[in-house]
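Below is a short set of notes for someone opening this structure for the first time. The points follow the chain where possible and then turn to charged side chains.

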Amino acid sequence: MTESEFLQLSDAIFDRIEQALDDHELDVDTLRQGNVLEIEFDSGEKVIVNRHASNQEMWIAAKSGGYHFAREGEAWIAGRDGSEFFSTLAEAIRAGSGEEFSFDD
């Protein structure tokens with residue numbers, strides 16, 4: 001995939017994350033700046049989602065750890081443990097917010 005295609009795809013991922021947070025009406029603050037989307041919870045805990053264009057990866061940094069995801073077919077899969085991007089992110093958001101959360105449509 002070209003860098004332009006990766007940037008479009010990752011922009012759509014950021015949009016999906018922000019929309020899901022709004023849809024669930026979670027009390028979080030988000031800050032989207034360049035390649036980074038920061039999600040901050042009332043506790044001060046943060047989850048950081050970063051797109052790494054040179055590697056064409058999506059990264060998550062959370063209290064539970066750091067994860068790197070590469071595109072495999074239609075999914076983003078972590079090289080370390082095979083976990084899927086949106087399920088890993090949903091788990092980090094549930095842990096940070098203390099509320100139910102998923103990316104199910």
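1. Start with the loop between α1 (3–23) and β1 (28–33), where aspartate 27 lies. The model is predicted. Aspartate 27 has a relative accessibility of 52% and therefore counts as exposed, since the cut-off for exposed is over 50%. Together with Asp29, Asp42 and Glu99, Asp27 forms a negative surface patch.

2. The loop between α1 and β1 also holds glutamate 25. Its phi is near 50°, a positive value in a residue other than glycine. With a relative accessible area of 70%, glutamate 25 is exposed.

3. Next comes the pairing of β1 and β2, which is antiparallel and runs over six bridges. One position to look at is leucine 31, whose bridge partner in β2 is glutamate 38. The hairpin of β1 and β2 has two residues between the strands, and glycine 34 there takes a positive phi near 60°.

4. Asparagine 35 also has its place in the loop between β1 and β2. Its relative accessibility is 35%, so asparagine 35 counts as partly exposed. Which distance in space separates asparagine 35 from histidine 52? The C-alpha atoms are 7.3 Å apart, while the two residues are 17 apart in sequence.

5. Strand β2 covers residues 36–41 and has two unlike faces. Leu37, Ile39 and Phe41 make up the covered face. The uncovered face consists of Val36, Glu38 and Glu40. Glu38 is the residue already named as the bridge partner of leucine 31.

6. On to strand β3 (residues 46–52), which is antiparallel to β2 and joined to it by five bridges. Leucine 37, from the covered face of β2, has valine 49 as its bridge partner in β3. Valine 36, from the uncovered face, stands opposite asparagine 50. The hairpin of β2 and β3 has four residues between the strands, and glycine 44 in the turn has a positive phi of about 95°.

7. Which side chains of β3 are buried, and which are not? The side chains alternate along the strand. Val47, Val49 and Arg51 point to one face and are buried. Lys46, Ile48, Asn50 and His52 point to the other face and are not buried. The two β2 contacts in the previous point fit this reading: leucine 37 is paired with valine 49, and valine 36 is opposite asparagine 50.

8. β3 pairs in turn with strand β4 (residues 57–62), again in the antiparallel sense, over five bridges. Histidine 52 stands opposite glutamate 57 in β4. Four residues lie between β3 and β4 in their hairpin. Glutamine 56 is in the turn of that hairpin, and its phi near 50° is a positive value in a residue other than glycine. Glutamine 56 is partly exposed, with a relative accessible area of 22%.

9. How many salt bridges does a search of the whole structure find? The search gives six. Side chains of opposite charge can pair when their charged atoms come close. Arginine 32 forms one such bridge with aspartate 11, with the closest N and O atoms 3.5 Å apart. Because arginine 32 lies in strand β1 and aspartate 11 in helix α1, the pair ties together parts that are 21 residues apart in sequence.

10. Arginine 32 also meets aspartate 15 in a salt bridge, at 2.7 Å from N to O. Aspartate 15 lies in helix α1 and arginine 32 in strand β1, so this pair ties together parts that are 17 residues apart in sequence. Arginine 32 is partly exposed at a relative accessible area of 30%. Aspartate 11 is partly exposed at 31%, and aspartate 15 is partly exposed at 42%.

11. These contacts belong to a wider network of salt bridges that links Asp11, Asp15, Glu18, Arg32 and Arg51. Arg51 is one of the buried side chains of β3.

12. A further salt bridge joins the side chains of arginine 71 and glutamate 74, at 3.4 Å from N to O. Arginine 71 counts as partly exposed, with 27% relative accessibility. Glutamate 74 is exposed, with a relative accessible area of 72%.

Key:
Residues are numbered from 1 along each chain as its sequence is written. This is a predicted model: local features need pLDDT of at least 70, side-chain atom pairs count only at pLDDT 80 or more; totals for chains, interfaces and linings use all residues. Side-chain values use heavy atoms; hydrogens and water are left out. Patches are made of residues with over 30% relative accessible area and no salt bridge: like charges are joined within 9 Å, nonpolar side chains (Val, Leu, Ile, Met, Phe, Trp, Tyr) within 5 Å. Accessible areas come from the Shrake-Rupley method with a 1.4 Å probe; for residues, only the protein chains shown count as cover. A salt bridge is a side-chain nitrogen of Lys or Arg within 4 Å of a carboxyl oxygen of Asp or Glu. Lys and Arg count as positive and Asp and Glu as negative; His and the chain ends are not counted. The place of a charge is taken as NZ of Lys, CZ of Arg, CG of Asp or CD of Glu. Buried means under 20% relative accessible area, exposed over 50%, partly exposed in between (1.4 Å probe, protein chains only). Two strands pair if DSSP finds at least two bridges between them.
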